[in-house]
Amino acid sequence: MDESCPLLEVQAGHRQKLCGSNYPLSIAFIVVNEFCERFSYYGMRAVLTLYFLSFFHWDENLSTAVYHAFSALCYFTPVIGAIMADSWLGKYKTIIYLSIVYVVGHLIKSVGAIPSLGNQVVHVILSMVGLFLIALGTGGIKPCVSAFGGDQFEEEHTSERSKFFSIFYLSINAGSLISTFVTPVLRGDVKCFGEDCYALAFGVPAALMVLALVVFIAGSGLYRKTPPQGNVLLEVCKCIGFAIKNRLKNRSRQIPKREHWLDWASEKYSKQLIGEVKMVTRVLFLFIPLPMFWALFDQQGSRWTLQATKMNADFGIYVLQPDQMQFLNPLLILVFIPIFDLGLYPLINMCKFNFTPIRKMATGMILAGMAFGLAAVVELKINETDMPQLVPEESLIRVLNLAKNPVQVTIQDRDLFQQPVEAFQNPAEYSKLILNGEQQSLHFTLQHQGLSLAFNYTVKEKSVYSLIVFEAEGSLSSRLITDLEAKPENGLAAVRFINGLSQDVNLSIDSKRFIAVQKNYSASEYSLLERDKYNNGKCITEMGEFTLELGLLDFGASYTIVITNVSGGDVKTWKSEDIKANNVHMAWQLPQYLLISAGEVMFSITGLAFSYSQSPASMKSVLQAGWLLTVAVGNTLVLVVAQAAPMAQWAEFVLFTVLLFAVCIIFSVMGYFYVSVDPEDLEEKEEKRETSSRGNMISLVTQKTKL
């Protein structure tokens with residue numbers, strides 16, 4: 001080892017620092033802790049929407065609402081963490097205690113995902129308790145960890161502290177990148193209890209949170225632990241409340257006006273505190289438009305994931321899980337941060353353009369809005385393969401001709417099928433059938449080789465039907481069966497069988513799935529399968545066991561497979577695609593991920609550093625909590641839209657795009673009038689202020705006494 005450059009250097013104040021830099025060694029433990037904690041949080045959250053959808057069988061709107069309710073809670077609880085850190089325990093102990101709560105929540109959540117443990121009510125209760133504790137833990141430490149990292153630097157090392165936030169953000173996205181790729185694999189590719197292994201997908205993040213806690217405790221002796229400054233948040237609220245109350249009590253024109261409305265608290269509170277509260281309120285006022293950005297950004301884990309379930313995920317060498325697409329965001333962040341810091345921003349500075357933090361954040365909002373515009377376009381393309389939306393007194397019908405010759409089908413008083421349906425003809429799109437009520441008995445006529453046969457069937461509204469025409473015992477017959485009304489969820493394929501043999505069959509699609517189908521054109525129920533080629537199935541009949549080849553069952557498609565004959569050791573089948581497969585490739589989501597990730601770099605990293613730089617030393621955690629509250633409000637907005645204003649998904653994307661562009665204009669105007677303040681200059685400026693108004697304050701007290 002080169003003795004001229006030891007790994008650690010002990011500098012002024014006996015602070016250990018990394019070789020050749022002003023970075024304290026303690027930040028290494030903080031960064032590793034953040035990496036593990038973010039792995040834990042994002043890994044669990046990556047599979048959460050599909051967990052609600054598949055494990056609890058909730059619909060998309062409820063799953064989205066609960067997902068964003070949990071996300072909102074994760075960003076409301078920072079207020080609790082900020083109060084605990086700044087007024088009671090200090091940042092270090094707050095992180096320790098709430099991390100323990102965090103670990104317990106993860107363990108309960110993992111246990112709640114074990115299918116054999118109780119019924120669905122038990123699973124829901126355990127999952128909700130676990131999510132509440134996780135939200136309390138992760139939210140409580142959020143305002144503390146980044147601020148605690150900033151506290152490790154000397155005041156003169158502002159440039160190193162600024163770069164620390166980029167390193168800190170890199171650790172967040174590195175943990176997020178790995179976890180959002182790995183946990184969907186643990187969920188979908190690993191099977192436990194006969195289905196997707198959510199218990200393992202939640203258990204691994206729980207283990208990483210335990211590791212995060214251990215690493216953080218290991219660096220205990222190296223941290224600079226700033227003692228709590230008193231109940232700062234309560235003092236701020238009291239100061240604001242007193243100023244408002246005092247101003248309302250003293251509305252006489254004889255009382256001189258004051259420079260700022262918070263100056264009305266000067267009878268009770270120090271100028272230093274009032275000045276700090278002024279800084280905090282100015283920044284919090286600037287934060288008001290910011291939730292709309294987060295309303296869009298956090299839909300990557302809900303609406304965008306649900307969009308991915310309706311797309312083609314086959315990339316040739318690898319088939320992505322729908323929730324794995326979320327890994328693109330942290331991956332792109334890791335790429336964009338050095339590009340922006342070392343390339344784009346210096347280039348903009350060379351062009352003499354003052355790219356202020358406010359302008360960076362506004363640009364980030366524009367990019368996020370553009371991303372949702374692209375998401376709306378992708379959603380419209382996806383909808384082209386969807387089943388038509390049915391309305392009251394309306395149904396859909398098609399004809400499957402399994403006879404040997406063409407058949408002309410006529411339905412009572414309706415002119416639907418103009419041409420005869422050829423034998424085993426791939427069916428055309430469904431035809432719309434208008435009814436005169438909720439259900440109607442209709443008269444069907446079949447013309448076949450000069451013969452005319454009539455059948456009556458009852459058809460219900462908002463239903464989808466296939467009319468099967470077949471030959472039985474030398475005569476033409478038919479059967480009306482119900483089809484799927486919508487695409488299978490989560491990119492699964494649906495398949496059902498029609499047994500055209502004169503004997504019952506038992507089918508084995510894979511080693512775990514057995515289907516019994518009765519003879520003479522009876523139809524089975526639909527089975528949901530993962531997208532794959534199924535060429536090793538078994539068909540067991542009275543004649544023996546035969547190989548069943550189904551071919552590719554594609555993403556989101558629905559199939560009807562007719563068993564026509566058994567010969568030569570194989571089963572002869574005919575496959576009809578009832579609902580088209582997802583033909584929009586998942587790669588089309590890449591542009592929207594590129595835009596929203598670039599927007600996050602400009603918006604989130606800038607906002608994190610900006611909120612820290614604009615806060616007084618005693619209120620950094622409080623203002624960090626205020627920044628995180630914007631995320632909570634943003635998630636609440638999504639929750640409200642998902643539940644209160646259901647609309648077509650593409651229209652919802654357009655709505656959010658328009659709202660964000662409008663809010664961006666408001667934020668830009670507010671930012672134009674905002675003047676940055678250095679907290680270190682606050683005390684000096686307050687000491688130099690004129691105090692000529694003290695006489696007025698004395699008369700003011702007299703006025704208050706009269707009141």
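These are my notebook entries on helix packing, sheets and a disulfide in a predicted model.

**Entry 1: H2 and H3**

I began with helix H2, residues 48-55, and helix H3, residues 60-76, and found that their axes come within 9 Å and cross at roughly 140°. Angles over 145 degrees would count as roughly antiparallel, and the pair is therefore oblique. I noted the crossing of H2 and H3 as right-handed. Looking up who touches whom, I listed Leu 48, Thr 49, Phe 52 and Leu 53 on the H2 side, which meet Glu 60, Ser 63, Val 66, Tyr 67 and Phe 70 on the H3 side. Sorted by class, this contact of H2 with H3 has 6 nonpolar, 2 polar and 1 charged residues.

**Entry 2: H4 and H7**

I next turned to helix H4, residues 78-112, and helix H7, residues 198-218, whose axes lie 9 Å apart and which pack at an angle of about 160°. That angle makes H4 roughly antiparallel to H7. I recorded that H4 passes H7 in a left-handed crossing. From H4, the contact is made by Tyr 92, Ile 95, Ile 96, Ser 99, Ile 100, Tyr 102, Val 103, His 106, Leu 107, Lys 109 and Ser 110, while H7 supplies Ala 199, Phe 202, Gly 203, Pro 205, Ala 206, Met 209, Val 210, Leu 213, Phe 216 and Ile 217. I entered the class division for H4 with H7 as 16 nonpolar, 4 polar and 1 charged.

**Entry 3: the disulfide**

How many disulfides does a search of the whole structure find? The search finds 1, and I located this disulfide between Cys 192 and Cys 197, with an S to S distance of 2.0 Å. I also looked up the turn about the S-S bond, which is 110°, and noted that the link of Cys 192 and Cys 197 is right-handed.

**Entry 4: H12 and H14**

For helix H12, residues 328-350, and helix H14, residues 590-613, I found axes that come within 9 Å and cross at roughly 55°. H12 and H14 are therefore oblique to each other, and H12 passes H14 in a right-handed crossing. On H12 I wrote down Leu 328, Asn 329, Leu 332, Ile 333, Phe 336, Ile 337, Phe 340, Leu 344 and Tyr 345, and these meet Leu 590, Tyr 593, Leu 594, Ser 597, Ala 598, Glu 600, Val 601, Met 602 and Ile 605 on H14. The residues of this contact of H12 with H14 divide into 15 nonpolar, 2 polar and 1 charged.

**Entry 5: the sheet S6-S8-S9**

I then followed the strands, and found that 3 of them form an open sheet in the order S6-S8-S9, with antiparallel pairing. Strand S6 (408-411) and strand S9 (451-460) stand at the edges with a single partner strand each, so one side of each is left without a neighbour in the sheet. Direction ignored, I noted that neighbouring strands here are turned by 25° against each other on average. Strand S8, residues 439-448, pairs with S9 in the antiparallel sense over 10 bridges, and I checked one position, where Gln 440 stands opposite Val 459 in S9.

**Entry 6: the sheet S7-S5-S10-S11**

In what order do the 4 strands of the mixed open sheet run? I read the order as S7-S5-S10-S11. Strand S7 (431-434) and strand S11 (475-482) each have a single partner strand and stand at the edges, so one side of each has no neighbour in the sheet. The average turn between neighbouring strands of this sheet is 35°, direction ignored.

I looked further at strand S10, residues 464-472, which pairs with S11 in the antiparallel sense over 8 bridges. Going along this pairing, I found Ser 466 opposite Ile 481 in S11, and I noted Ser 477 in S11 as the bridge partner of Phe 470. The hairpin of S10 and S11 has 2 residues between the strands, and I marked Glu 473 in this hairpin because Glu 473 takes a positive phi near 55°.

Methods:
Residues are numbered from 1 along each chain as its sequence is written. This is a predicted model: local features need pLDDT of at least 70, side-chain atom pairs count only at pLDDT 80 or more; totals for chains, interfaces and linings use all residues. Side-chain values use heavy atoms; hydrogens and water are left out. Axes are lines fitted to C-alpha atoms, for helices over the stretch in contact, and angles run from 0 to 180 degrees between N-to-C directions. Angles under 35 degrees count as roughly parallel, over 145 as roughly antiparallel, 65 to 115 as roughly perpendicular and the rest as oblique. A crossing is left-handed if the near helix is turned anticlockwise from the far one by less than a right angle, and right-handed if clockwise. Contact means heavy atoms within 4.5 Å. Ala, Val, Leu, Ile, Met, Phe, Trp, Tyr, Cys and Pro count as nonpolar, Asp, Glu, Lys and Arg as charged, and the others, Gly among them, as polar. Two strands pair if DSSP finds at least two bridges between them. A disulfide is a pair of cysteine sulfur atoms within 2.5 Å.
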